[in-house]
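Here is a model to look at together. One part of it deserves a slow walk-through.

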Amino acid sequence: MALLPILRFPDPRLKKVAAAVNKIDDGIRRLAADMAETMYEAPGIGLAATQVDVHRRVVVIDVSEEKNALQVFINPEIVEEAGLAIGEEGCLSVPGIYDKVERSEQVTVRYLDLDGKAQTLKADGLLAVCIQHEIDHLNGKVFVDHLSTLKQGRIRNKLAKQARVTA
Ligand code: NI
């Protein structure tokens, strides 16, 4: 396994739309394993392949406190959603920035697992938010895209300053 570098907003590669996975082979299994390792190390609760500059529809999530409940979603698609939830979100691609985002409270997601089996999962709470956040990444969207233009400008400035200090 290997740690993968995470792209940082406003890197234009975060805007790419990921392509569907049509065959779950060793390359995809290895990608999922590397993404999981990268997510745990960060540490974070979710990571989309887009964030490690691989533009395929693969997401890893673990919202458990013990960090022992990894979920891998291949070609995830929200087929049903209900309710409204506003929660504070952050992102490994937007370090140090947290803001409120409006999401659906419950989602039903259809996806393939690592064995290529079709699965359907009904999620709510943090898992539902995380699924929506990661699918956004696959569609080239970062959570700050949900915020006002004013806030987005402030975030860009703040991250540019951070990059200058750490570069
Ligand atoms: Ni994110």
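One request and one long answer follow.

Q: Please give me a close look at the nickel site: which atoms coordinate the nickel ion, and which strands does helix α2 touch?

A: A caveat before we dig in: this is a predicted model, where local features need pLDDT of at least 70 and side-chain atom pairs count only at pLDDT 80 or more, while totals for chains, interfaces and linings use all residues. Numbering starts from 1 along each chain as its sequence is written, and side-chain values use heavy atoms, with hydrogens and water left out.

Now the metal. The nickel ion is held by C91 through SG, and by H133 and H137 through NE2, at 2.1 to 2.3 Å. Donors here are N, O and S atoms within 2.8 Å of the metal (3.2 Å for Na, K and Ca), and since water is not among the atoms, sites may look incomplete. Along the chain, the donors of the nickel ion are spaced as C-x41-H-x3-H. H133 and H137 sit about one helical turn apart because they are 4 residues apart in helix α2. (Helices are DSSP runs of H or I with at least four residues, strands are runs of E with at least two, and both are numbered from the N terminus.)

How exposed are these donors? Buried means under 20% relative accessible area, exposed over 50%, and partly exposed in between, using a 1.4 Å probe and protein chains only. C91 is at 11%, so it counts as buried. H133 is buried too, at 7%, and H137 is at 0%.

You might wonder about cysteine cross-links, but the structure holds 0 disulfides, a disulfide being a pair of cysteine sulfur atoms within 2.5 Å. C130 is buried, at 6%, and the closest cysteine sulfur, that of C91, is 9.8 Å away from its own, which is too far for a bond.

Next, the scaffold. There's an open sheet of 5 antiparallel strands in the order β1-β2-β3-β6-β7, where strands pair if DSSP finds at least two bridges between them. Its edge strands, β1 (46-48) and β7 (118-124), each pair on one side only. From one strand to the next, the twist averages 40 degrees. Helix α1 (residues 26-41) lies across β1, β2 and β3, at about 40 degrees to β2. Helix α2 (residues 125-138) packs on the sheet as well, touching β1, β2, β3, β6 (106-112) and β7, and its direction makes about 120 degrees with that of β7. Contact means heavy atoms within 4.5 Å; axes are lines fitted to C-alpha atoms, for helices over the stretch in contact, with angles from 0 to 180 degrees between N-to-C directions.

Helix α2 also feeds the packing. A nonpolar core is a set of buried Ala, Val, Leu, Ile, Met, Phe, Trp, Tyr and Cys residues joined through side-chain atoms within 4.5 Å. The largest one has 15 residues, and V59, I61, F73, V109, A123 and I131 have the most contacts inside it. β2, β6 and α2 each supply at least two of its residues, and α2 gives the most, with 6. Leaving out residues up to four places away in sequence, F73 touches I131, among others including V59, I61 and V109.
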